[in-house]
Structure formats: C-alpha cells, structure tokens
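Thanks for coming, everyone. Please have a look at the structure on the screen. I'll go through it step by step.

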Amino acid sequence: APLPARLCWDRAPSALQPAGCRSWRYQQKRFSSVVVAMAMDLAANTRVGFIGAGQMAEAIARGLDRSGLVPADRMYASDVNVSRTQVFESLGTSICSSNSKLAENSNVLILAVKPQAAEKVVTEMRPSLSKDHLLVSIAAGIPIKKLQVWAGDARIVRVMPNVNCLVGETAAGMSLGKTATPADSDLVATMFGSLGKIHVVDERLLNAVTGVSGSGPAYIFMAIEALADGGVASGLTRDVAMSLAAQTVLGSAKMVLESKKHPGELKDMVTSPAGTTIAGVRELEERGFRSALINAVLAGTKRGEELAGN
Ligand SMILES: NC(=O)C1=CN([C@@H]2O[C@H](COP(=O)(O)OP(=O)(O)OC[C@H]3O[C@@H](n4cnc5c(N)ncnc54)[C@H](O)[C@@H]3O)[C@@H](O)[C@H]2O)C=CC1
Ligand SMILES: O=C(O)[C@@H]1CCC=N1
C-alpha cells in the first residue's frame, strides 16, 4: 500500500530542512506542521551510522547529505576496508574503528553489508545494541525475524532501496519489525522519502520490491547502454546517442508517473500505422523483450528468497 499522502513525497524533504541548512526553501506550507516538526526533529536528533561503507551506504549517505535532512557531519561509518572509510571521510563523515563504536555514536544504524555477512556482523554487535537503537537493514533477502534474533533488543525496520538514492530518485519498500514504533516508521519514511519514494509493504513482498526496483536500475542501465549502442550502429556519435537514450528513459518514466496513463496507452501514442515504432516493437516482441523483463524480476525475487536462507 502506498504511504499516507503526508509520507509519500516527491522530493519533499529538500523543503524540510531546518533553518540554516544549505537548501532550506521555505516550502513548509505544503506539508502539515506535524510532518515538518518530525523532519526537523529527525534532522536535529538523528545520528546515522553505516555498518559497512560500500556502494549502497555511499549512495544513501550522499543522498541524505544532498537532501540536507542528515548532514554528513552527523553520519558515522565503519568498514573493514580502509579504502571505503576513506571515501566516507572525504564526505565529512566520522569514521568509527569498529561496529560497536558505531553503535555507541549512532541511534539509527543502517545495516549495509552483504546479506551473507549480516549474521556475523549483527551477532558481533549485539552486546552494543539496545532498545534505543533503530536498526535499518537494507540487506537483500534477510528476514526481520532473523535480524531480531541476531540484534537482541534493537528495533528493526527492513528497507529495500535502490542505488538511485544518490540522485534523490530512489524507489523503495519498507516493512516494520514487531517492536518498531510508528515514530520509527515515520523516521524511516522521512529519511528515504528525502531520497525518492518509499512504500510500506508486507514483509513477504520485499523480495518482489528487490526484483522490481532494488535490482531494476541495472536493467534500465543495460537498456540505456543498448539503446545508445543501437544509435551508434545507426551512425550517431556515442555522446549524442547516450544522451538521447538516457533522456528518453527519463522522459518516458515521467510520462508514466505524471500522466497516470497506462504504459500501453502511451506506447500507442508513439506507434504510427506502418511507422518506425511498430517496426521496432515487432522486433522486441519477436525477441521476448517483455517476457525477458518479467523473468528478470521473478529471478531476482527468487534469489532474494534464497538469500533469506543463506
Ligand atoms: N547495490 C545495490 O544497488 C543495492 C544493495 N542493497 C543491499 O545493500 C547491501 C550492501 O550492498 P553494496 O553496497 O552493493 O555492497 P558493497 O560490497 O559495496 O558494500 C558492503 C561493504 O561492507 C563492508 N564490510 C564487510 N564486512 C564488514 C564488517 N564486518 N564490518 C563493517 N563493514 C563490513 C565491505 O568492506 C563493503 O565495503 C547488501 O546487503 C545489498 O543486498 C540493497 C539495495 C540496492
Ligand atoms: O544485487 C543485489 O543483490 C543487490 C540487492 C538489490 C540490488 N543489488
């Protein structure tokens, strides 16, 4: 189910920054005072710690800093790989020498290690975790039930974002653990709402979210690359072909989101009788384009289910 309107924002949080923040834009009037107060409280009191400072942690950290909701100097990170902590240091983030130290410094911990490492990492941290910690796991597949056993008293929220956090256009799903509170739900929705869009879903559907939007950017990047290759094969320069391909994907996504029309109807708008598009559509149908995408999503969902069992 989509979040209640007040929590399902399009980039709203860039407008929800406390006075003094870089890009505060005085747009609070668009939101209820409760939401504004919550976002300001979050901005003031949340110390976000990244357990694992890899690709996704970086995308979230850069996105949060960029949105202004949690500035880099109120984020912490730990990683066994020094080259990764150096990246976070360059963002202005404090580095902790262990995951336990990270827990001492942060009240919201983002579990951003690979799913296969999650049990060892969380179990080792358990003595440092208390009911005052909110553990937000982005690890694909790992169920809340397991996380709760490993983490002891910490409250758990599971989120499946995607790498587009980096540009404030993520598409994410979230589910709450048993002891997570409505305030935790609001906080996580606000945080990831500042990075794009987030929906609350039943936990059993989080692997499907992973299949569609967690992994989806890779499929779209491949599509952009292939469209550009087609352009180059047809004589365009690489730069022009890439720009045309990426802008076409951006514009098409906007058409779906803003027109609220069914994608099939939009496709028909492009497809002239005996024209160029139907020639291409026919080729795609012959090669199982739609079926390939459907199967890719199902394969990703299934892999998430496998990761649950490790
Ligand atoms: N890459 C993506 O697009 C997405 C990834 N995810 C999830 O995010 C998590 C992280 O994925 P990536 O960032 O792609 O992986 P990554 O490999 O870039 O990052 C994982 C980081 O954890 C660090 N690490 C390993 N053991 C550690 C330990 N004991 N203590 C602290 N740090 C440790 C590694 O050195 C590495 O830097 C995974 O669980 C994945 O399922 C979720 C959504 C999208
Ligand atoms: O490939 C993966 O397992 C992760 C989870 C979703 C996107 N990347």
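Which residues of β6 point one way, and which point the other way? Arg 155, Val 157 and Val 159 point one way. Ile 156, Arg 158 and Met 160 point the other way. Buried or exposed? All of them are buried. Keep in mind that this is a predicted model.

Let's stay with that pattern for a moment. In a regular strand, side chains alternate between the two faces of the sheet. Now look at the strand as a whole. β6 covers residues 155-160, and six of the six are buried, so the strand is largely enclosed by the rest of the structure.

Now, the neighbours of this strand. Strands of a sheet pair through backbone hydrogen bonds, and they can do so parallel or antiparallel. We get both cases here. On to β5, residues 134-137: four bridges join β5 to β6, and the two run parallel. Leu 134 stands opposite Arg 155. Ser 137 has Arg 158 as its bridge partner in β6. Next comes β7, residues 170-176. Four bridges join β6 to β7 as well, but these two run antiparallel. Here Arg 158 stands opposite Ser 175. So Arg 158 shows up twice: with Ser 137 and with Ser 175.

What do β5, helix α6 and β6 make together? They make a β-α-β unit, and it is right-handed. Helix α6 is residues 144-151.

Let's zoom out to the sheet. What is the order of its strands? It goes β3-β2-β1-β4-β5-β6-β7-β8. That is eight strands in an open sheet, with mixed pairing. At the edges stand β3, residues 94-95, and β8, residues 196-200. Each has a single partner strand, so one side of each is left without a neighbour in the sheet.

A few totals for the chain. The protein chain has 13 helices and eight strands. It has 310 residues, and 38% of them count as buried. Now take its contacts with a separation of 6 or more. Residues 24 or more positions apart account for 66% of those.

Next, one residue in β7. Ala 171 is found in that strand. Ala 171 is buried, because 21 other C-beta atoms lie within 10 Å, and the cut-off for buried is 20 or more. Leaving out residues up to four places away in sequence, Ala 171 touches Asn 162, Gly 196, Lys 197 and Ser 213.

Ser 213 takes us to a helix. How many of the nine residues of α8 are buried? Eight of the nine, so helix α8, residues 206-214, is largely enclosed by the rest of the structure. Among the buried ones are Leu 206, Val 209, Ser 213 and Gly 214. And what do the buried residues of α8 pack against? They pack against β6, β7, α9 and α13. So our central strand of this talk comes back: β6 is one of those partners.

Look at Gly 214, which sits in α8. Gly 214 is buried, with 27 other C-beta atoms within 10 Å. Pro 161 is 53 residues apart from Gly 214 along the chain, yet their C-alpha atoms are separated by 5.8 Å. Not counting residues up to four places away in sequence, Gly 214 touches Ala 140, Met 160, Asn 162 and Val 209.

There is also a record to mention. UniProt, in an unreviewed entry, places a domain feature at residues 203-307, called "Pyrroline-5-carboxylate reductase dimerisation". In this model, that span is 83% helix and 0% strand. Its end C-alpha atoms lie 14 Å apart.

Last topic: the ligands. How many residues surround ligand 1? There are 27, and the closest are Gly 52, Gly 54, Met 56, Ala 139 and Ala 140. Helices α2 and α5 each give two or more residues to that shell. By class, the shell has 16 nonpolar, eight polar and three charged residues.

Ligand 2 is surrounded by Ala 140, Thr 210, Gly 214 and Ser 215. One residue of that shell is nonpolar, three are polar and none is charged. You have met Gly 214 already, as a buried residue. And Ala 140 appears around ligand 1 and around ligand 2.

That's my tour. Questions, please.

Notes: Residues are numbered from 1 along each chain as its sequence is written. Chains are lettered from A and ligands numbered from 1 in the order in which they are written. This is a predicted model: local features need pLDDT of at least 70, side-chain atom pairs count only at pLDDT 80 or more; totals for chains, interfaces and linings use all residues. A residue is near a molecule or strand if its C-beta atom, placed from the backbone, lies within 6 Å of it. Ala, Val, Leu, Ile, Met, Phe, Trp, Tyr, Cys and Pro count as nonpolar, Asp, Glu, Lys and Arg as charged, and the others, Gly among them, as polar. A residue is buried if 20 or more other C-beta atoms lie within 10 Å of its own, exposed if 12 or fewer, and partly exposed in between; C-beta atoms are placed from the backbone. Two residues are in contact if their C-beta atoms, placed from the backbone, lie within 7 Å. Two strands pair if DSSP finds at least two bridges between them. A crossover is right-handed if, with the strands pointing away from the viewer, the path from the first strand over the helix to the second runs clockwise. UniProt positions are given in the numbering used here, feature names are shortened, and annotations may be inferred rather than shown by experiment.
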